[in-house]
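Student: I would like a close look at the buried interior of this model, with attention to its core and to the helices that pack there. Please then extend the account to the pockets, cavities and individual residues that deserve notice.

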Amino acid sequence: MRRSFMLGAAFLSLTAALPVSADTAQWNEPADIPKIEPVNVGLAGEKPADIVRYLMARGALRTGISPDGKTIAFSYRVTGEPQLWVVPAEGGWPTQLTFGAGIRLFWWSPDGSAILVSRDTDGDEREGYYLLSTDGTKETEVLSPSSAFRSFGMFDNEGSRILFASTERNGRDFDLYVTDLDSGETAMVYEGSFGFYARAWQPGGDLVIVDEVRGEGTNDTHLLDLATGEMRRLFHPESPAYHGSYRWLPDGSGFYMVSSNGRDFQGLARVDLASESVDFLVTPEADVEDVEVTGDGRYMAWTENHDGYSQVTVRDVETGKDLPPADLPDGVYGIEFARGAAQLMVRVTGPAIPGDVYVWNVATGALNRAVASSLAGLNPETFVVPESLRYPAQDGVELQGFLYRPKDTAGDVPVVVRVHGGPTAQSRPSFRNQVQYLVSNGIAVFDVNVRGSTGFGLRYASLDNQEKRLDSVRDLVDTVEFLKTLPGIDGDSAAVMGGSYGGYMVNAVLGSYPGVFVAGASFVGVSDWVRALEEASPALKASDRIEYGDIREERWQEFYANNSPINNADKINVPLLVEHGANDPRDPVTESDRIVKTVRENGGEVTYLRFPDEGHSVTKQPNRVAFNRALMGFLEKHLAGS
């Protein structure tokens, strides 16, 4: 069950969801509802800079390039909530297209005449779809929000229909639907069980590549024939393996994909439909992540994850030669080829880059920056680039993390251990406003990748599965012991924070290993695994069985009844900050309510931020300000004097 989390640009987000409990609104502590106050960022260059300035350091969030390669669309938070903007690919003045409630995702139509956007209601993740003209002057509701969860697939090749997955039928299983954009009619084309998601539509044909989720980072690959309704399974690995980033060949005879089938790391493969053969083309000792192909098939591009940093390669398919690399900044990349041009869009985020967008003309080699981040008056020279460190856990497993050290400090400094969500996710050197604020104020941050994290091979990602769940919690204890050996770091003054699955890790380590940390901050975290796993949808339960075990079995009921954080909450003896949105569809707000109540009943100190108009992430700018001011104040109070 991926319980990832996004807090500004600080945490990774994903699309699974739990049903919202009926008692989410029952909380009779008015003091726990955050109070929104006027924003004052202070003067540029003022030291120390307010956390609000770091929140206002912004760049492009999600991005997309138009089919002709001439326009970049991107979501941008400059107005507070993420809205849709467009800018010429060669750079220029951007234009805002959406207003009002923020958007979640967007997709270009195949002819570039429109953009489909999705919106939910106050973070409940139940999306509606809206078709928007590229000048922003006309917007049509395609599907209004409902009680169903939806996962968008794609437009058809002509742009007249959209294909998506939805729980509309029974509120649990994801079926596949097609909506005709002219008539507005919607029809189910495949009735699924658990989770089926459309990924790529065959050029000029009726075949659609469909993923069936089997576990964390594990899926079967199917071909759905929309003309007949027949679903044919292509790949069903015996051992857990991931397939994804499918890109059809122009003639529809096969496709490229990323796969870890039979490998520890994900490689780049080509699939021939006639023979169903799979030929690996690129197999580095690192994960291949994103694959892109031009519409004519002439060029292909892919990214590799090397110790968290991205590398991008472009290959001329006709010659088989790789092109000279572009001069891109170090960081984490997202790539996309224009459908009808040799233009590769590269979104870059790095320690000092909130989100720049580059356009690389791979035919000519020209590279230009279409979107430049704003640092809100902060001096980029004050930003810290982390060092990647590896160290052994007590059982010999090698762990990894990124250490952000404050500059120009005398003596040992306190440290915050930051735990990512997921658990199948990875801490990477992208822009983190909270981290840069803390290091600018003399507090180090260690962005840890405990066992179970991705990016280090399938074996490493499986080391926290089922009975081994608590081994990853113990990794946090070993991490603190490692930090104590580093010069300039005061490991005796360590706090821990994390969101979603990382919130669970905070809840677990504070109760299971009291005395290791001097404070903790938990955001939208699980406290009772039995409840969380039982309430998951069938789609999530299919995923959960490999990662957590089948909660329907008595052995797992007993395991999680004995090993959920709520059982040790009475042992939490350090100050705790908890944040949760009342509309959270992944981890119900009652998960935090219970742990807050238990700690308080045992005399513990808890600061609780319970947002009535947020979900699994804090998205509204006034709420983000309130949350981050409270969080930074909490950490500074309990670490600065340690």
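Tutor: The account below begins with the nonpolar cores and then turns to helices, enclosed spaces and single residues.

The model is a predicted one. Its largest nonpolar core holds 59 residues, and those that touch the most other members are F446, L476, L510, F517, W529 and Y560. Helix α5, residues 501–512, gives this core its largest share, namely seven residues. A second core, separate from that one, has 37 residues, including L378, Y404, A521 and V524.

Helix α4 (residues 469–483) has 15 residues, which at 1.5 Å a residue should span 21 Å; its end C-alpha atoms are 23 Å apart, in agreement with that expectation. Twelve of the 15 residues of α4 are buried, so the helix is largely enclosed by the rest of the structure. The buried residues of α4 are R469, S472, V473, R474, D475, L476, V477, D478, T479, V480, F482 and L483. One of them, L476, is also among the residues that touch the most other members of the largest core.

Helix α8 spans residues 554–563, and W556, F559 and Y560 are buried in it. Viewed down the axis of α8, the buried residues fall within an arc of 85°, so they line one face of the helix. The exposed residues E554 and N562 are carried on the face of α8 turned away from this buried side. The cover over the buried residues of α8 includes α4 and α6 (529–534). Y560 of α8 also appears with W529 among the residues of the largest core that touch the most other members.

The next topic is open and enclosed space. The second largest pocket contains about 400 Å³ of space. It is lined by 18 residues, of which K47, A49, Y54, T382 and S440 are the closest to its centre. Helices α1 (51–56) and α2 (433–440) each supply at least two residues of that lining.

As for enclosed space, the structure holds three cavities of 30 Å³ or more. In the second largest cavity there is about 30 Å³ of space. Its lining consists of V419, H420, P423, V450, R451, G452, S453, D464, Y501 and M505. P423, one of these lining residues, is joined to G422 by a cis peptide bond, with omega about 10°. P423 belongs to the loop between β31 (413–419) and α2.

Two residues that are not glycine have positive phi values. D408 has a phi of about 55° and is placed in the loop between β30 (398–404) and β31. With a relative accessible area of 82%, D408 is exposed, because the threshold for that class is over 50%. V524 has a phi of about 40° and is placed in the loop between β34 (519–523) and α6. At 0% relative accessibility, V524 counts as buried, and V524 is also a member of the second core.

Three further buried residues can be described by their surroundings. I72, in strand β2 (residues 71–76), is buried with a relative accessible area of 0%. I72 and A370 lie 298 residues apart in sequence, while their C-alpha atoms are 7.6 Å apart in space. Apart from neighbours within four places in sequence, the contacts of I72 are G64, I65, W85, V86, V87, A89, M345, V357, V359 and A370.

L143, in strand β8 (residues 139–143), has 14% relative accessibility and therefore counts as buried, the limit being under 20%. The C-alpha atoms of L143 and E127 are separated by 8.6 Å, the two residues being 16 residues apart along the chain. When residues up to four places away in sequence are not counted, L143 touches G128, Y129, R150, F164, T179 and T186.

S109 lies in the loop between β5 (105–108) and β6 (114–119). S109 is buried, with a relative accessible area of 4%. Outside its neighbours within four places in sequence, S109 is in contact with P67, A114 and F155.

Technical notes
Residues are numbered from 1 along each chain as its sequence is written. This is a predicted model: local features need pLDDT of at least 70, side-chain atom pairs count only at pLDDT 80 or more; totals for chains, interfaces and linings use all residues. Side-chain values use heavy atoms; hydrogens and water are left out. A nonpolar core is a set of buried Ala, Val, Leu, Ile, Met, Phe, Trp, Tyr and Cys residues joined through side-chain atoms within 4.5 Å. Buried means under 20% relative accessible area, exposed over 50%, partly exposed in between (1.4 Å probe, protein chains only). Helices (H or I, at least four residues) and strands (E, at least two) are DSSP runs, numbered from the N terminus. The expected span of a helix is 1.5 Å times one less than its number of residues. The arc is that of the directions from the helix axis to the C-beta atoms. Contact means heavy atoms within 4.5 Å. On a 1 Å grid over the protein atoms alone, a cavity is a set of points where a 1.4 Å probe fits but cannot get out, and a pocket is an open set with protein on both sides within 12 Å along at least five of seven lines; lining residues have an atom within 4 Å of a point. Grid points are joined across faces, edges and corners, and a volume is the space filled by probe spheres set on the points.
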